Amino acid sequence: MDGRDWATFLLPYEQTVEELKVKFKTMRSELKKREEYTPIEFVTGRVKRLSSILEKAKRLNVKMEDLEQGIEDIAGIRIMCQFVEDIRRVAEYIRARKDLEVVYEKDYITNYKESGYRSFHMIIRYPVQTALGQKIVLAEIQIRTLAMNFWATIEHSLNYKYRESLPDEIRLRLKTAAEAASILDSEMSSIREEILDAQRTFEDNSNTTTQVLQAIHQLYFYHLVNEAIRCQEEFNVIWQRQDMVAMKVLLERVRGMISRAKKGENTDGV
């Protein structure tokens, strides 16, 4: 091992991971607001541990002076999706970005590994602005479903324990589990529309409930205390019945009270 300052060496990678996490989380929020559905479930990231970097460099015969180009996943981002179909869509979004360059892709979903590993990998070049100027950093983006991620996390832990030499029995059971995870993904894809419809309904009901409570709170701001108390009591009854039609009617009525209050009208008896 050379005598470089490893903490300093890893700084651009740490910055890359933090910036990319923010960007993909922002993409998720924007897509949710624009389309009411986002193919991104959640985003994580990590900088490879120094011990793992050195072990991989030894395994791949990468010289210490060539680490920046020879080890492509020192900075790593994982994007989790609900459905296999979403993975392709996320990859398209990444390809279209102007703030990074896709170097190459590895499709381990169509061509999954012998172990059963499934994921979609994209190696990118990312320009990070350091205190000393711009630096181009290689990073790996892994896009996978929740089921794929669960399996890969377990396999990684077992490989670490057994130093890449898994016992045959565990290897076979992992492969069987990978096939089960793939079947699960296929089943979820087959009822995708029903799942999305249920999620949209839940989201809509949740938003309506929040809006009603916020609107009732506003009544106090306009000194409509009696009206606020009555509306809160009505809300409690509706909430117990889970009657979302009545909840939306209540929302419009409370908004009407607020609107008239803003105009200085008398809302008594409404």
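**View 1. The loop between helix 8 and helix 9 (244–262), with Gln242 within it.** In this predicted model, Gln242 lies in the loop that joins helix 8 to helix 9, and its phi is positive, at about 55 degrees, although the residue is not a glycine. Most residues other than glycine have a negative phi. The relative accessible area of Gln242 is 46%, so this residue counts as partly exposed.

**View 2. The loop between helix 7 (192–221) and helix 8 (225–241), with His223 within it.** His223 is placed in the loop that runs from helix 7 to helix 8, and its phi, near 65 degrees, is a positive value in a residue other than glycine. Because its relative accessibility is 68%, His223 counts as exposed.

**View 3. The aromatic pair of Phe9 and Tyr13.** The structure holds six aromatic pairs, and one of them is formed by Phe9 and Tyr13, whose rings are tilted, with 5.6 Å from centre to centre and 45 degrees between the planes. Because Phe9 and Tyr13 stand four residues apart in helix 1 (residues 6–35), about one helical turn separates them. Both Phe9 and Tyr13 are buried, and ring pairs link these two residues with Trp6 into a cluster.

**View 4. The aromatic pair of Tyr117 and Trp151.** The rings of Tyr117 and Trp151 also form a tilted pair, with centres 6.5 Å apart and an angle of 55 degrees between the planes. This pair links distant parts of the chain, since Tyr117 lies in the loop between strand 3 (101–107) and strand 4 (120–130), whereas Trp151 lies in helix 5 (residues 146–161), 34 residues apart. Tyr117 is buried, as is Trp151.

**View 5. The surroundings of Thr16 in helix 1.** Thr16 is found in helix 1, and because its relative accessibility is 0%, this residue counts as buried. When its neighbours within four places in sequence are left aside, Thr16 is in contact with Ala75, Tyr126, Val128, Val137 and Ala139.

**View 6. The surroundings of Ile53 in helix 2 (residues 50–60).** Ile53 has its place in helix 2 and, with a relative accessible area of 0%, is buried. Not counting residues up to four places away in sequence, Ile53 touches Leu10, Lys48, Leu67 and Ile74. The C-alpha atoms of Ile53 and Phe235 are separated by 58 Å, the two residues being 182 residues apart along the chain.

**View 7. The whole chain, as a setting for the close-up views.** The secondary structure of the protein comes to nine helices and five strands, which follow one another along the sequence in the pattern α-β-α-α-β-α-β-β-β-α-α-α-α-α. The radius of gyration is 26 Å, well over the 18 Å that the globule rule gives for 270 residues, so the protein is more spread out than a compact globule. Along its principal axes, the C-alpha trace spans about 80 × 50 × 30 Å. Of the 270 residues, 37% count as buried, and among contacts between residues at least 6 apart in sequence, 64% join residues at least 24 apart. The accessible surface comes to about 16,100 Å², of which 53% belongs to carbon and sulfur atoms. The protein carries 42 positive and 43 negative side chains, and the centres of these two sets lie 2 Å apart.

Note on methods:
Residues numbered from 1 in each chain as written. Predicted model: local features only at pLDDT ≥ 70, side-chain atom pairs only at ≥ 80, totals over all residues. Heavy atoms only, no water. Helix = DSSP H or I, 4+ residues; strand = E, 2+ residues; numbered from the N terminus. Rg over C-alpha atoms; globule rule 2.2 N^0.38 Å. Buried < 20%, exposed > 50% of the residue type's maximum accessible area, 1.4 Å probe, protein only. Contact = heavy atoms within 4.5 Å. Areas by Shrake-Rupley, 256 points an atom, 1.4 Å probe, with all protein chains shown as cover. Lys, Arg positive; Asp, Glu negative; His and termini not counted. Charge placed at Lys NZ, Arg CZ, Asp CG, Glu CD. Phe/Tyr/Trp six-rings, centres within 6.5 Å; stacked < 30°, edge-to-face > 60°.
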